[in-house]
Amino acid sequence: SAHAQLTKSAVEAVAAAVADGDESVLGVEMRSFLLAGRQDLTPGMDAVYGLSVTDACIDWSETVSALEKLADAVKLKRTKSAGDARRASEAPHGKSAKAFSELG
């Protein structure tokens, strides 16, 4: 569906930003349900179990995929941040910075 494609491209854009270290992303909101899409409630008709009656949603498998992609982006960001912190603690030309206890 168009909603699922829009959500997928939005997740990819957010994941790329997070992986690149963008600090402005604090969270995401995804409209998710068991089945993709939405339905209108019609008197005298049974509703489809697992299909939203409010907003169009992505289905469960797309939700899992999106959450995994976002989690991978956070892991990549943390790995990069740890590497940056490690490099920052080293003095130029590969010499280690002095430990705090050695400065006194």
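In the predicted model, Gly21 is found in the loop that runs between helix 1 (2-19) and helix 2 (60-88). With a relative accessibility of 30%, Gly21 counts as partly exposed, because that class covers the values between under 20%, called buried, and over 50%, called exposed. Although Gly21 and Lys80 are separated by 59 residues in sequence, their C-alpha atoms are 8.3 Å apart in space.

The protein as a whole contains three helices and zero strands, and its elements, read along the sequence, follow the pattern α-α-α. Of the 104 residues in the protein, 18% are buried. The area that the protein exposes is about 7,900 Å², and carbon and sulfur atoms supply 58% of this area. Among the contacts in the protein with a separation of 6 or more, 53% are accounted for by residues 24 or more positions apart.

Charged side chains were examined next. Side chains of opposite charge can pair when their charged atoms come close. A search of the whole structure finds five such salt bridges, and one of them is formed by Asp20 with Lys80, whose closest N and O atoms are 3.8 Å apart. This pair links distant parts of the chain, since Asp20 belongs to the loop between helix 1 and helix 2 whereas Lys80 belongs to helix 2, with their positions 60 residues apart. The distance of 3.8 Å counts as a salt bridge because the cut-off for the nitrogen and the carboxyl oxygen is within 4 Å. The two partners fall into separate exposure classes: Asp20 counts as exposed because its relative accessibility is 63%, while Lys80, with a relative accessible area of 37%, is partly exposed.

A salt bridge is also formed by Asp55 with Arg31, and here the closest N and O atoms are 2.9 Å apart. Both Asp55 and Arg31 lie in the loop between helix 1 and helix 2, so the pair ties together parts that are 24 residues apart in sequence. Asp55 has a relative accessible area of 37% and is therefore partly exposed, and Arg31, for which the relative accessible area is 39%, is likewise partly exposed.

The side chains of Asp40 and Arg38 meet in a further salt bridge, with a distance of 2.9 Å from N to O. In this pair Asp40 is exposed, because its relative accessible area is 54%, whereas Arg38 is partly exposed, because its relative accessible area is 37%. Apart from this pair, salt bridges that share partners join Glu29, Arg31 and Asp55 into one network, and the bridge between Asp55 and Arg31 described above thus reappears within this group.

Nonpolar side chains were considered last. On the surface, a nonpolar patch is formed by Phe33, Leu34, Leu35, Val48, Tyr49, Trp60 and Val64, which together have about 720 Å² of accessible area. One of these residues, Leu34, is placed in the loop between helix 1 and helix 2. Leu34 is partly exposed, with a relative accessible area of 44%, and this value meets the requirement for a patch residue because that requirement is over 30% relative accessible area. The loop that holds Gly21 is therefore also the loop that holds Asp20, Asp55 and Arg31, and Leu34.

Technical notes. Residues are numbered from 1 along each chain as its sequence is written. This is a predicted model: local features need pLDDT of at least 70, side-chain atom pairs count only at pLDDT 80 or more; totals for chains, interfaces and linings use all residues. Side-chain values use heavy atoms; hydrogens and water are left out. Helices (H or I, at least four residues) and strands (E, at least two) are DSSP runs, numbered from the N terminus. Buried means under 20% relative accessible area, exposed over 50%, partly exposed in between (1.4 Å probe, protein chains only). Contact means heavy atoms within 4.5 Å. Accessible areas come from the Shrake-Rupley method with a 1.4 Å probe; for residues, only the protein chains shown count as cover. Patches are made of residues with over 30% relative accessible area and no salt bridge: like charges are joined within 9 Å, nonpolar side chains (Val, Leu, Ile, Met, Phe, Trp, Tyr) within 5 Å.
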